[in-house]
Amino acid sequence: MEYNFRAIEQRWQERWKTEGAYKVSNDTRKPKYYVLDMFPYPSGSGLHVGHPLGYIASDIFARYKRLKGFNVLHPMGYDAFGLPAEQYAIDHGIHPAVSTANNINTFRKQLDNIGFCYDWSREIRTCDTSYYRWTQWIFLQLFKSWYNRKTNRAEPIDRLVAFFEKEGNVNHPIPNFKSEISPADGGIKSQIFSASGWNGFDEATQQAILMEYRLAYCGYGEVNWCEALGTVLANDEVINGVSERGGFPVVKKKLRQWYLRITEYADRLQHDLDVLEWSDAMKEMQTNWIGKSSGAEIKFEISNLKFQIVAYTTRPDTIFGVDFMVLAPEHELVDHITTAEQKAAVEEYVAYVKSRSERERMAEKKISGCFTGAYVINPVNAKEIPVWISEYVLAGYGTGAIMAVPCGDERDHRFAKHFNIPITNIFGDLYTGEEAITGKHVTVYNSGFITGLKVSEAAEKVIEWLGDEGVGERKINYKMRDAAFSRQRYWGEPFPIVWKDGIAYPLEESALPLELPHVDSYKPGPEGEGPLANIKAWTEQHLETNTMPGYAGSSWYFLRYMDPHNDKTFCDRKVSDYWNQVDLYIGGTEHAVGHLLYSRMWTKVLYDLGHIGFNEPFKRLLNQGMIQGSSRFVYRVRGTNSFVSFGLIENYETDKIHVDVNIVDGVELDIEAFRKWRNAEYANAEFILEGDRYICGVEVEKMSKSKFNTVNPDDLVDRYGADTFRMYEMFLGPVEQSKPWDTKGIEGVHRFLKKLWRLFYDEQKGKLWTEENPSAEELKVLHRTIKKIEEDTEHFSFNTAVSAFMIAVNELTDLQCHKKAILENILVLLTPYAPHVAEELWHLLGNSGSVLDTAYPVFEEKYVTESSKLYPVAINGKTRTEIHIALDATPQQVEELVIANEIVQKWLEGKTPKKVIYVKNRMINVVV
RNA sequence: GCCCGGAUGGCGGAACUGGUAGACGCGCCAGACUCAAAAUCUGGUAUUCGCAAGGAUGUGCAGGUUCGAUUCCUGUUCCGGGCACCA
């Protein structure tokens, strides 16, 4: 009886399906555990071996927790809206709904092949109306809420209106009100109004004011506008200022956009990281993204003009060293302050900056800028300071204006040197004129009332002074900006918003879902609007023509899995109270700041409004690494049809060509398959071989179709079985780490499963297993394995767990152990990793009931205790020999034993050792 | 440019809290079985000097701390991920 994995896997997959083995109940007394994979986007090219890495890890953990007695929620679904389907529709005329459904079917077949324990009755798709109805509903909650800074939580907008009617907005001023464009002549645009003021405003004004508070709001923002294509482009569709397709110029254009006021949550998003079990690296990335800093906003009057520039600085202590100001080129004041002489130069520079992406601007090493001709007055010493514009200042950060202190900031220093702006020294002898002093543990000099003070004291004093003089104030700033929440695209959730006379009104919740209409063309609408603007029936109702971005549906999907078929609410409160947070979330680091921050915000909003009982979605996060492709190359002698083997290429002038890794065995090319490859393009190829083999070149690259280095899991499952495939993916290395794929090694894992099988059955002799009592040696192997597998699984060290299984099977084979009492426990340990073979053998051993729900073996120390240990003995840190020593030996006994040792004596060369270091259970070091 | 990771034999990787570097597997070499091959099994396999016993070197690179460093510190090189409209 041999290991027939195909029959075994098919049999159990069918059994588990018909018996509903993976169906999860919301109604049980068992403790819950929620394991979640990051939502996949069902791309057209299907799964390659890189995708299931995290899914296998989560599957193992979910099955492990189930064996440990938990009710485990382990669902899967699809993030089905997105740009690629729409682009495919534009190119091929196939409706995104159709291509997406096809892609999902392929995905599902591939996933099923691998034997996951997903509860498919809970599957969700973001593009289903039954799902996006609730995405729209949550959007309405965001639209109808504001952030009360007094209570520090989101509240219904009606409450705010009630405040306005009673007391105006004096206690709740407009958040993030930008004052920098205010004329300084007393005409400062007021942001504060009284109750009577509010009650006197017309509807349009009132709604405009409320829009300043809503958590989902409409504003204006810049997009990548490509005139030639008549459309808005994503950042990765723009390369060096031109469109990727066609190479047409791309400029910034202001469009009406929806935003989420995530900045109101900046502090809580930062603070609550403390309670999450995420990697430090991940927390650090979010912290940097949120970018909390404290400093001051300082007003600089413009000489001869009735304007002021407000600059944000984290170093108010350097105010006496300000030598120039720099505005973002798109700053609204630029037009107002530029002098006639500088007008042409400024306009030219602004045009240049408009063609540049934000990333290009930040990465630019070359210094550029332009003087505006204007001067401001430094409030502390009345010094006249020239005002420049430069691309290194971004409009979106701080106030879009900086006070430049060349002797205290590297970029400012380079700028001053480049444009020959005189540099004021405020750091005394420390500053030599060569490099800016950026350290924060220094003393400032030449600085009026703060001369001689340390940085932090000086900063405090300046902030105090600014407040007293009314020219500035303390300010906490965040690098994070409000999240753009609209796209000028078709394939996304429509906004449940109607426009009347320029005012946005929400649809009734009972009117949801607002279904995405069919379109004949996916071409953009007029003026950069989305395709919905082309539909008469849509625009006649004055419906919003933007759609929501990809992250809308994925910001809350983990809640819908809990209660996927509820048509009364997005998720019943009782159900979300039971499942609560996701206990383990597995996915890639590429979502570090996007998806993970947005879902955290949505969770907090839903919590604030009382819809759920927890304010963080993902308690524990495990980041999986990428599986890279290992590409293979053939080398064609230039201008010929001959291909030369890798070892001989130095003798020829060759062109390197990607070859499909699936027709290469290791590094050896299957020449016959190569001749048939790509419609027999190389049918007549000639080969210059090494011996009788053609050896390919190897490089590690990203796994992608265009590089012919993708490997389809279906092929491997077909050849070796799902159990082998699962274990091999894990065996490849730590889940968190990126590593290249190598199909060759899978045979080792397959051999392991066959070897395991042979502990139970022999091909010729048949049944081997017995009911005999196990020996002490066998029990030791078993219990060491229980301990190791349990620890490794808990720590997600799946690769070492697989090798522990191999060691156990090797040892049991050496011991010729065929005893049921040992083997059946090994099977339970193996169930999360290789469920099919475990279940099969479990039943062959005569057990009834599924191995999926049996009890996990319990480790017992008494079987593994040893009385002595083989210690490594080092002389001066270099291991020279090994000595058996009883574990209960005293340090004195150990020292005597060690010094008496022949080899130690040889290395001592007659000298007495200075010291003998004995670390129990570890090692011994003799210092000479 | 900025932020976050990573680098160990021919290859993937192991090494707990600073304590025997290279577990396990692939590949390779040798042997057994076989007419032969596949499959399977057994042994060997970091580099280097040596017949051997044994020695020296060795965790990207350059330093440092320590009885002892893959592990901690400083600097540096290269590779991967993210940088706000890919998801």
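**Exercise 1.** In this predicted model, determine which atoms of RNA strand B and of the side chain of Arg 487 come together, and at what distance.

*Solution.* Start with the side chain of Arg 487: one of its N or O atoms is 3.2 Å from a sugar or linking oxygen of RNA strand B. The cut-off for a polar contact is 3.5 Å between N or O atoms. Next take Asn 235, where a polar backbone atom is 2.7 Å from a sugar or linking oxygen of RNA strand B. Finally consider Gln 257: a polar atom of its side chain lies 3.1 Å from a nitrogen of a base in RNA strand B.

**Exercise 2.** Describe the protein surface near RNA strand B: how many residues surround the strand, and how do they divide by residue class?

*Solution.* Count first: RNA strand B is surrounded by 64 residues, and Glu 284, Arg 359, Leu 732, Arg 751 and Asn 925 are the closest. Then sort by class, which gives 26 nonpolar, 18 polar and 20 charged residues. Next assign residues to elements: helix α26 (residues 798–814) supplies the largest share of this surface, with six residues. Last, turn to the RNA side: sugar or phosphate accounts for 66% of the strand B atoms within 4 Å of the protein, and bases for the rest.

**Exercise 3.** Work out the strand order of the open four-stranded sheet and explain why β2 and β21 each have one side without a neighbour.

*Solution.* The order is β2-β1-β20-β21, with parallel pairing. Strands β2 (71–73) and β21 (621–624) are at the edges and have a single partner strand each, so one side of each lacks a neighbour in the sheet. From one strand to the next, the twist averages 20 degrees. Now examine one pair: β20 (residues 584–588) is joined to β21 by four bridges, and Gly 588 is placed opposite Gln 624 of β21. To finish, add the helix: α2 (residues 52–67) lies across β1 (32–37), β2, β20 and β21, and runs at about 170 degrees to β1.

**Exercise 4.** Classify the crossing of helices α10 and α20, and state which residues meet there.

*Solution.* The axes of α10 (residues 280–290) and α20 (residues 595–608) come within 11 Å and cross at roughly 75 degrees. Helix α10 is therefore roughly perpendicular to α20. On the α10 side, Met 282, Gln 286, Trp 289 and Ile 290 take part; they meet Leu 596, Leu 597 and Arg 600 of α20. By class, this contact comprises five nonpolar residues, one polar and one charged.

Key:
Residues are numbered from 1 along each chain as its sequence is written. Chains are lettered from A and ligands numbered from 1 in the order in which they are written. This is a predicted model: local features need pLDDT of at least 70, side-chain atom pairs count only at pLDDT 80 or more; totals for chains, interfaces and linings use all residues. Side-chain values use heavy atoms; hydrogens and water are left out. Two strands pair if DSSP finds at least two bridges between them. Helices (H or I, at least four residues) and strands (E, at least two) are DSSP runs, numbered from the N terminus. Axes are lines fitted to C-alpha atoms, for helices over the stretch in contact, and angles run from 0 to 180 degrees between N-to-C directions. Contact means heavy atoms within 4.5 Å. A residue is near a molecule or strand if one of its heavy atoms lies within 4 Å of it. A polar contact is a pair of N or O atoms within 3.5 Å; within protein, one must be able to donate a hydrogen and the other to accept it, and residues adjacent in sequence count only if both atoms are side-chain atoms. Ala, Val, Leu, Ile, Met, Phe, Trp, Tyr, Cys and Pro count as nonpolar, Asp, Glu, Lys and Arg as charged, and the others, Gly among them, as polar. Angles under 35 degrees count as roughly parallel, over 145 as roughly antiparallel, 65 to 115 as roughly perpendicular and the rest as oblique.
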